[in-house]
Number of protein chains: 2
Amino acid sequence: MGTTTASAPPDGDLHARAAMLLAAHGQKYTTARRAMVAVLAAMPHPATIAEVLIASPDLAASTTYRNVTVLREAGIVTRVSGADEFGRFELTEELAGPHHHHVTCTNCGLVLDAQSSASLEAALNDSIRDLMKAAGYEITGHRLELVGRCASCR
Amino acid sequence: MGTTTASAPPDGDLHARAAMLLAAHGQKYTTARRAMVAVLAAMPHPATIAEVLIASPDLAASTTYRNVTVLREAGIVTRVSGADEFGRFELTEELAGPHHHHVTCTNCGLVLDAQSSASLEAALNDSIRDLMKAAGYEITGHRLELVGRCASCR
DNA sequence: ATTTATGCAAATCGTTTGCAAACCT
DNA sequence: AGGTTTGCAAACGATTTGCATAAAT
């Protein structure tokens with residue numbers, strides 16, 4: 001399990017792994033769900049429901065809303081909060097890629113992925129230990145959001 | 001300007017400073033706006049619009065939605081994205097307190113404030129320089145969100 | 001074959017907007 | 001007084017839900 005855990009799995013594994021995760025939750029890997037996973041995998045950044053529907057026009061909106069819930073419960077997708085009111089979704093780090101953070105545009109709401117450095121992660125983990133005690137929370141993860149204006153909005 | 005910048009201003013200044021910021025944007029510090037600022041100042045965490053309306057039942061919802069926009073434009077309030085779809089609002093750091101981060105509950109969406117350490121901030125600032133170049137963003141700030149389950153949801 | 005997911009259309013709910021009355025300076 | 005803000009009610013738009021059909025194992 002050494003090196004495999006930290007790196008992105010080969011693309012061919014993606015759907016097979018998604019199917020397994022769904023099966024483990026008593027759910028099927030249907031066409032609509034596969035389509036959604038494919039869209040999210042192809043996106044270079046977390047996608048809104050609207051973006052998913054545009055990328056995959058045959059999907060019904062209601063089905064997509066229902067499936068995002070199912071995929072989240074199965075640990076395939078996570079929700080990312082951006083600057084605006086729209087939820088954004090991406091494949092979980094465990095499923096599709098390494099740990100990363102986000103850069104959010106205050107003007108248009110666009111969210112891009114950004115890699116974190118080892119030193120930053122180390123500092124984060126140090127601080128997290130302290131903060132979880134202070135807040136009485138059981139901390140399960142962290143999310144760093146850089147805020148600014150994207151290239152098109154500058 | 002050394003020490004004053006980093007610490008929270010005395011409470012008595014709050015409304016006076018809010019009034020100045022609004023005036024600088026050609027806006028008035030009305031009763032409804034003062035009420036909203038007071039609610040946010042009293043809250044130990046970023047508040048949803050619903051929470052503001054509960055805390056200040058005389059406020060009309062429409063007015064509150066309009067005022068949150070005005071207060072944001074004046075630099076009095078910022079929007080915080082939590083785990084759920086509801087926007088949360090708090091007084092800006094410059095107005096009401098020192099730089100801090102948030103701890104979000106994955107179960108109930110509650111967001112608490114958490115102080116950051118100097119070493120973490122240093123690491124953040126280092127990384128930010130790199131990331132802003134890579135992403136082509138003009139970075140104006142950062143936000144660290146720790147994710148977990150709050151004391152009541154554990 | 002049987003259970004589960006889908007799609008359409010209607011219902012829901014948070015948020016926004018039009019407009020007349022109340023407010024502030 | 002004069003322009004702005006407020007509050008109500010209606011409009012809006014994203015998300016959710018009911019139910020009959022289609023798909024999956």
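A polar contact, as I shall use the term, is a pair of N or O atoms within 3.5 Å, where within protein one atom must be able to donate a hydrogen and the other to accept it. By that criterion, in this predicted model, 14 residue pairs are in polar contact between chain A and chain B, both residues of each pair being at pLDDT 80 or more.

Let me turn to the elements involved on the chain A side. Those giving two or more residues to the side that touches chain B are β2 (77-81), β4 (101-105), β5 (111-114), α6 (118-135) and β6 (138-149) of chain A. Which of them gives the most? That is β6(A), with 12 residues. Sorted by class, this side of chain A comprises 19 nonpolar, 11 polar and 8 charged residues.

The strand β6(A) deserves a further word. It pairs with strand β6 of chain B, residues 138-149, in the antiparallel sense, over 11 bridges. To locate one of these on the screen, please find Val147(A): its bridge partner in β6(B) is Gly141(B).

Next, the charged side chains. How many salt bridges are found across the interface of chain A and chain B? The rule finds 2. One joins the side chains of Arg143(A) and Glu145(B), with an N to O distance of 3.2 Å.

Finally, the extent of the interface. Chain A brings 38 residues to the contact, and chain B brings 39. Between the two chains, about 3300 Å² of area is buried, and carbon and sulfur atoms give 58% of that area.

Notes:
Residues numbered from 1 in each chain as written. Chains lettered and ligands numbered in written order. Predicted model: local features only at pLDDT ≥ 70, side-chain atom pairs only at ≥ 80, totals over all residues. Heavy atoms only, no water. Contact = heavy atoms within 4.5 Å. Buried area = accessible area lost by both parts, 1.4 Å probe. Salt bridge = Lys/Arg side-chain N within 4 Å of Asp/Glu carboxyl O. Polar contact = N/O pair within 3.5 Å; in protein donor to acceptor, adjacent residues only side chain to side chain. Helix = DSSP H or I, 4+ residues; strand = E, 2+ residues; numbered from the N terminus. Nonpolar A, V, L, I, M, F, W, Y, C, P; charged D, E, K, R; others polar. Pairing = 2+ DSSP bridges.
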